[in-house]
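Subject: Structure for you to look at

Hello,

Here is the structure I said I would pass on. Please open it alongside this message; my notes follow below.

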Amino acid sequence: MRRGTRPSVAALFSASAADAGLAIVFGLIVGAGLMLLGGFDPLAAYRALAMKAFGSPYNAGETFRQATTLMLTGLSVALAYRAGLLSIAAPGQMALGALAAAAAGIGLPPVPVVQPVIGLLLGAAAGALWGALIGTLRAYRGVNEVIAAIMLNWVALYGVNLLIRFGLADPANRQRTRTVAETARIDAPWLSDLFAHARLSYGFFLAVALLGGYAFFLHRTRLGFELRAVGQNPVAAALAGMKDRRLVVAAMALAGGPAGLAGAIEVLGVYGYWTVSPTLPAAGFDGIAVALLGGAGALGTALAALLFAALSGGAAGMQFEVGVPPELARVVMAAILFFIAAQNLTRGLRERLGRVERRNARGEEAGR
Amino acid sequence: MAEPIVSLRGITKRFGDFVANEAVSLDLYPGEIHALLGENGAGKTTLMNVLTGLLRPDGGEIRFRGRPVRIDSPEVAYRLGIGMVHQHFKLIPPFTVAENVVLGAEPRRGLLFDRRAAREAVRALTEAYGLAVNPDARVGALSVGMQQRVEILKILYRGADVLIFDEPTAVLTPQEVREFLAILKRLAGQGKAIVFITHKLKEVLAVADRVTILRHGRVVDTLPAAGADEGLLAEKMIGRRVRLAPEKAPARPGPVVLELRAVRERRTGQDALAGVDLALRAGEIYGLAGVDGNGQRPLVEVLFGRRSAEGDVRLFGEPILGLPTKALLERGMALIPEDRHREGLVLAMSVAENAILTRYDRPPFVRRGILRPAAIRRAAAEIVERFDVRTPSLAVPVAALSGGNQQKLIIGREVARRPAVVVAFQPTRGLDIGAQAHVYRTLVALRDAGAAVLLISFELDEILALADRIGVLSGGRIVAELAPEAADEETIGLYMTGRGDVRHGDAGRGDSGGDAVRRGGAGRGEVGSGDDAGQEVAGHGGADRTDEEKAGDGR
Amino acid sequence: MSAAFGQLLDITLVFSTALVFGAVGGLLSERAGVIALALEGYMTGGAFLAAASAYALERLGFGPASAYGALFLSMFAGALLALVHAAATVTYRADHVVSGVVVNFFAAGLSLFLVKLFFAGAGQTPTLREGMLSRVAIPGLADLPVVGSALFRQYPTTYLAALAVGGAYGLLYHTPLGLRLRAVGEHPEAAETLGVRVRRLRYGAVVASGAIAALGGATVALTTTGNFSHATIAGQGFIALAAMIFGRWHPFGAAAAALFFGMATGLKNVVQLSPWARAIPTEVIYMLPYALTLLVLAGLAFRSTPPAALGRTDEAR
């Protein structure tokens with residue numbers, strides 16, 4: 001079954017920089033309003049947030065660490081979108097990627113370089129496989145990819161929990177995996193030192209490189225060309241000889257890779273283990289917000305990842321300094337996303353503010 | 001006549017800069033069938049959407065029974081007794097006939113929906129107006145003709161005295177058209193005022209009392225139908241007859257390039273392929289005429305690997321049925337699609353990228369999976385120049401181009417592939433006259449260069465102007481093949497509407513043979529609903545089918 | 001054996017009540033053409049407001065009546081969140097799925113934000129005592145053998161959920177409003193030309209869906225957990241969505257699917273019933289609703305067709 005097409009998504013991800021900027025401002029205003037209602041000083045809170053996010057080398061480093069994850073999950077969503085698909089599979093893919101990397105870090109012979117590379121590849125492959133499964137359901141069984149992803153996210157979560165408890169569990173704490181071997185880690189000590197021992201790893205460079213490669217992939221490769229064509233007009237693409245169904249599977253698989261990688265980096269570059277969890281990793285869902293705000297472009301996604309990393313990382317500072325519950329950051333993120341999603345609303349406001357010339361919104365209503 | 005029931009005074013409607021209706025005035029009397037005639041885009045539908053409250057006019061006045069009224073929603077129109085049957089039916093397939101009819105004005109019993117009352121009300125209407133249809137049938141299972149009756153019942157149920165039909169016969173089989181025209185007369189006979197939007201002159205002359213002709217949003221004339229003839233109406237409708245037909249030398253047909261034998265689909269129905277036989281030669285333009293919805297789209301989809309069918313399709317003698325689209329393109333098939341936005345272009349991609357859309361994966365545009373922007377730009381620039389595509393640059397999204405330039409880009413793209421077979425489906429749809437002439441010239445040039453051109457069009461003029469050979473597609477089969485010299489609008493029209501089908505028909509039943517077979521497919525949902533069409537199917541569906549096939553194979 | 005059956009039935013009802021509310025709510029929204037991905041958010045909002053207001057009412061001395069007051073109030077949380085979803089999808093034509101994700105985000109963030117705000121930085125609302133709902137026996141019926149206790153000595157929310165199912169069925173299939181609602185979900189243009197107020201109906205359906213789904217969240221807080229934290233709903237909204245799809249967008253089907261999923265979830269609490277059941281890891285049971293739903297969607301179990309206009313944002317005007 002198909003749950004309808006959604007032409008509005010196309011408009012959604014094409015958010016211009018102005019739209020995005022406006023959405024951020026509105027989002028912060030919503031947050032400020034809530035803080036006022038709670039009796040806090042929003043300016044002080046936002047200042048504390050910024051300080052916590054970027055105020056010291058360590059803080060900045062930790063923000064970059066979180067941005068690493070968000071860049072990858074954002075890239076995942078962006079890539080799928082370019083092929084006309086909305087992927088919300090990143091949370092499950094992250095968990096699977098983390099597990100695969102943990103397995104490699106625990107089980108493989110401790111050979112430096114080889115072990116982490118295999119671990120990262122396995123993580124990406126786990127995410128890609130999961131994506132391919134969703135793509136197959138979509139292309140060959142007509143299952144809407146969003147619903148498939150929701151269902152498979154939970155299957156992945158419980159599957160990972162199951163595998164941790166019955167295979168990789170730490171004997172001392174059955175709620176987490178054993179710690180990966182030192183040889184499996186991708187730490188970048190020099191970088192970490194630069195940022196006062198923030199948990200930065202080579203994963204950061206990997207994420208940046210992938211985003212750079214993403215732009216090249218989209219515009220300069222045959223597959224990128226095909227994905228864009230299928231994403232924007234599947235009918236015309238099929239009539240031009242593209243294998244539309246296979247491309248859907250390919251797109252979802254490709255999109256799954258970075259999400260799996262995000263999980264793998266969390267294990268090999270940050271925590272060294274993965275835990276049983278009742279909930280899906282939030283960073284996976286945040287990828288949607290990142291890609292939306294970033295207009296599904298490489299640079300936009302990177303900047304949006306940084307912003308959301310700062311928001312969630314800085315929230316603790318807000319709590320510490322001003323007493324604002326850190327969940328406010330998530331409310332602000334939701335509000336930003338809302339204003340991006342309801343672009344007609346922000347457009348309307350912009351027009352009313354008289355700042356922007358009226359865009360002749362698909363002026364072809366003329367009909368016959 | 002008495003006073004008009006509806007009177008439109010100086011209605012003007014604009015969409016941005018485009019004036020769809022300009023100072024249109026029209027009177028409508030009870031008991032008359034008033035034909036609204038005009039070409040596509042003349043403003044007929046816009047005018048009626050104004051009258052039914054779907055659009056608000058920018059100027060002018062509507063009087064209803066002599067009093068000025070404001071119709072700013074469909075509800076108001078319904079309350080006044082004005083109802084419209086849209087070209088695309090607005091029915092809810094999973095609902096029953098009765099539910100569709102009463103929706104929005106449901107009979108109630110207390111708080112509950114009174115299903116029995118709804119059924120009875122519909123039954124009463126079907127009897128009063130002779131519109132046999134089973135109130136309990138699911139609308140999705142009904143034939144198009146039956147669905148149209150449901151649409152009529154919907155507005156009659158609301159007590160409409162003014163009934164507007166937007167191109168009602170476009171989707172009907174000839175048999176259904178005859179039934180429909182009879183219904184129109186019956187409704188008018190009971191005092192209803194009827195607006196009949198169409199561009200089919202014969203139907204106008206057959207049933208209309210008066211005709212109003214619109215051109216470019218303005219009323220050209222209103223005149224009694226009695227005494228008018230097709231030539232007069234056509235001239236008023238089109239204005240100065242523009243001769244678009246290019247000068248062309250006689251065709252020098254080569255060998256058969258593309259051959260279809262008994263191509264049919266598993267499904268049945270008016271629009272399903274029911275055994276197409278066709279041999280297309282190099283160096284000729286084969287014009288496939290026909291009413292929309294008689295198998296044109298399925299045919300194109302089969303030829304380009306987007307739909308499965310039985311039978312045999314050969315390109316240069318090799319079977320190609322079932323090959324993927326890419327393989328077909330590589331073997332020399334090219335398509336100029338009907339709907340360029342949906343099928344021909346990726347609007348958000350650049351002019352350059354669209355210019356290589358059908359050969360993006362071949363050298364020199366790609367090497368080891370990496371695109372070569374310089375080669376792409378070069379090829380695009382060549383097409384743009386050769387085909388006079390007006391574009392600010394190669395990098396702008398193709399959506400920024402006008403329709404005519406988009407079409408030129410598509411044609412240029414396909415020509416650049418040096419195709420052996422070009423299928424042009426409605427290649428001038430929505431184009432202005434200049435762009436049309438350009439398309440025509442290109443098709444003839446392609447022919448002269450030795451390509452086989454299959455021109456599929458709903459516009460008879462276009463077929464007559466270009467084709468070296470003419471086939472008529474009706475009910476998913478080619479019912480006649482004619483030389484252009486032997487073809488005039490009248491003859492082709494007869495074949496198009498199935499009435500020219502006598503030579504294949506059963507002698508005893510004359511012209512109804514072909515219709516009945518097709519109804520056999522379309523009428524699935526009606527069997528048991530007790531209507532006349534259903535009985536006709538039961539009468540002689542099966543036997544005729546085989547007759548038809550034999551006749552088809554023998555050609 | 002019959003005791004075990006009664007126990008299983010009882011626990012099934014307890015665990016599925018919230019899902020039934022969610023599924024019925026989702027159904028109303030989707031039948032009107034608006035994708036109900038925000039169910040999780042509605043239920044989260046409902047659970048939060050129920051727990052918080054029950055605690056407040058408890059403190060104000062309302063005793064056991066607090067729970068009923070909280071149940072009522074919880075609907076406003078869902079309705080309010082649904083209003084956001086309706087505004088985004090109906091008025092501003094936002095993509096339904098994205099809007100749903102946003103509302104879920106919003107509900108989770110806002111409710112925890114408010115918990116911390118009201119309860120001095122705590123991660124959950126204080127545990128309720130007399131503000132919890134207690135079981136109500138229906139005289140006579142509750143004493144029936146085997147099933148009596150399980151069916152008729154239940155929480156009031158369970159009776160209410162049964163009522164919601166019947167009410168939704170009656171509304172959808174036996175009232176003019178229901179006919180219009182379904183028409184709007186199938187073919188909004190057709191409905192509009194017949195004078196049906198498409199937008200108004202959609203707003204109504206979505207807001208009602210939020211209120212009803214919120215009752216599901218309240219059910220969890222007031223009958224099972226006794227407080228609200230980030231783990232109170234944890235995916236039950238999505239299971240409810242799955243139940244609605246599994247139940248083919250029909251109230252009885254959705255309720256049956258919710259009961260089945262509720263049983264699956266409840267099973268883990270009665271695994272002591274048999275040794276073989278104990279051998280199944282809880283994760284497998286947790287996975288079951290999602291995996292089964294996928295099978296259905298993939299057409300491997302049976303086909304179901306969603307409302308034709310579901311998720312569309314491009315209709316006329």
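The contact between chain A and chain C takes 43 residues from chain A and 44 residues from chain C. On the side of chain A that touches chain C, the elements giving two or more residues are α1 (8–13), α6 (114–141), α7 (145–168), α15 (327–341) and α16 (343–353). The largest share there comes from α7(A), which gives 13 residues. By class, this side of chain A has 31 nonpolar, 7 polar and 5 charged residues.

Please keep in mind that this is a predicted model. Its scores are ipTM 0.86 and pTM 0.80.

Confidence

Chain A has a mean pLDDT of 86, with 89% of its residues at 70 or more. For chain C the mean pLDDT is 87, and 92% of its residues reach 70 or more. Within chain A, the element with the lowest mean pLDDT is α1(A), at 46, and the one with the highest is helix α5 (residues 90–107), at 96. Two stretches of chain A need care. Residues 1–12 of chain A have pLDDT below 50, and this stretch makes 33 contacts in the model beyond near neighbours in sequence. Residues 354–368 of chain A also have pLDDT below 50, with 15 contacts in the model beyond near neighbours in sequence. Where pLDDT is low, the predicted coordinates should not be read in detail. Note that α1(A), with its mean pLDDT of 46, is listed among the elements on the side of chain A that touches chain C.

Helices of chain A

The UniProt record, an unreviewed entry, places the feature "transmembrane region" at several stretches of chain A, including residues 114–134 and 288–316. How do these two look in the model? Over residues 114–134 of chain A, the chain is 100% helix and 0% strand, with the end C-alpha atoms 30 Å apart. Over residues 288–316 of chain A, the chain is 86% helix and 0% strand, and the end C-alpha atoms are 23 Å apart.

Two packed helices are described by the angle between their axes and the distance between the axes. For α6(A) and helix α12 (residues 244–271) of chain A, the angle is about 145° and the axes are 5 Å apart. The crossing of α6(A) past α12(A) is right-handed. The contact of these two helices has 22 nonpolar, 10 polar and 2 charged residues. The helix α6(A) is also one of the elements that give residues to the side of chain A that touches chain C.

Contact of chain C with chain B

Here 16 residues come from chain C and 15 residues from chain B. On the side of chain C that touches chain B, α7 (176–186) and α8 (188–193) of chain C are the elements that give two or more residues. The residues of this side of chain C are 7 nonpolar, 5 polar and 4 charged.

Sheets and strands of chain B

One open sheet in chain B has 6 strands in the order β6-β9-β10-β3-β11-β12, with mixed pairing. Its edge strands, each paired on one side only, are β6 (82–85) and β12 (218–224) of chain B. On average, neighbouring strands of this sheet are turned by 20° against each other, direction ignored. At one edge, β6(B) pairs with strand β9 (residues 162–166) of chain B in the parallel sense, over 4 bridges. In this pair, Ile82(B) is opposite Val162(B). Helix α5 (residues 144–157) of chain B packs on the sheet and touches β6 and β9 of chain B, its direction making about 170° with that of β6(B).

Another open sheet has 4 strands in the order β14-β13-β16-β17 (chain B), with antiparallel pairing. The edge strands are β14 (274–281) and β17 (318–319) of chain B. Strand β16 (residues 310–315) of chain B joins β17(B) over 2 bridges, and Arg314(B) has Pro319(B) as its bridge partner.

Strand β4 (residues 59–64) of chain B runs antiparallel to strand β1 (residues 6–15) of chain B, with 5 bridges between them. β4(B) is also joined by 3 bridges to strand β5 (residues 67–69) of chain B, again antiparallel. Phe64(B) takes part in both pairings: Val6(B) stands opposite Phe64(B), and Arg67(B) in β5(B) is the bridge partner of Phe64(B). Which residue takes a positive phi in the hairpin of β4(B) and β5(B)? Arg65(B) does, near 45°, in a hairpin with 2 residues between the strands.

Regards

Conventions. Residues are numbered from 1 along each chain as its sequence is written. Chains are lettered from A and ligands numbered from 1 in the order in which they are written. This is a predicted model: local features need pLDDT of at least 70, side-chain atom pairs count only at pLDDT 80 or more; totals for chains, interfaces and linings use all residues. Two residues are in contact if their C-beta atoms, placed from the backbone, lie within 7 Å. Ala, Val, Leu, Ile, Met, Phe, Trp, Tyr, Cys and Pro count as nonpolar, Asp, Glu, Lys and Arg as charged, and the others, Gly among them, as polar. pLDDT is the predictor's confidence in each residue, from 0 to 100. UniProt positions are given in the numbering used here, feature names are shortened, and annotations may be inferred rather than shown by experiment. Axes are lines fitted to C-alpha atoms, for helices over the stretch in contact, and angles run from 0 to 180 degrees between N-to-C directions. A crossing is left-handed if the near helix is turned anticlockwise from the far one by less than a right angle, and right-handed if clockwise. Two strands pair if DSSP finds at least two bridges between them.
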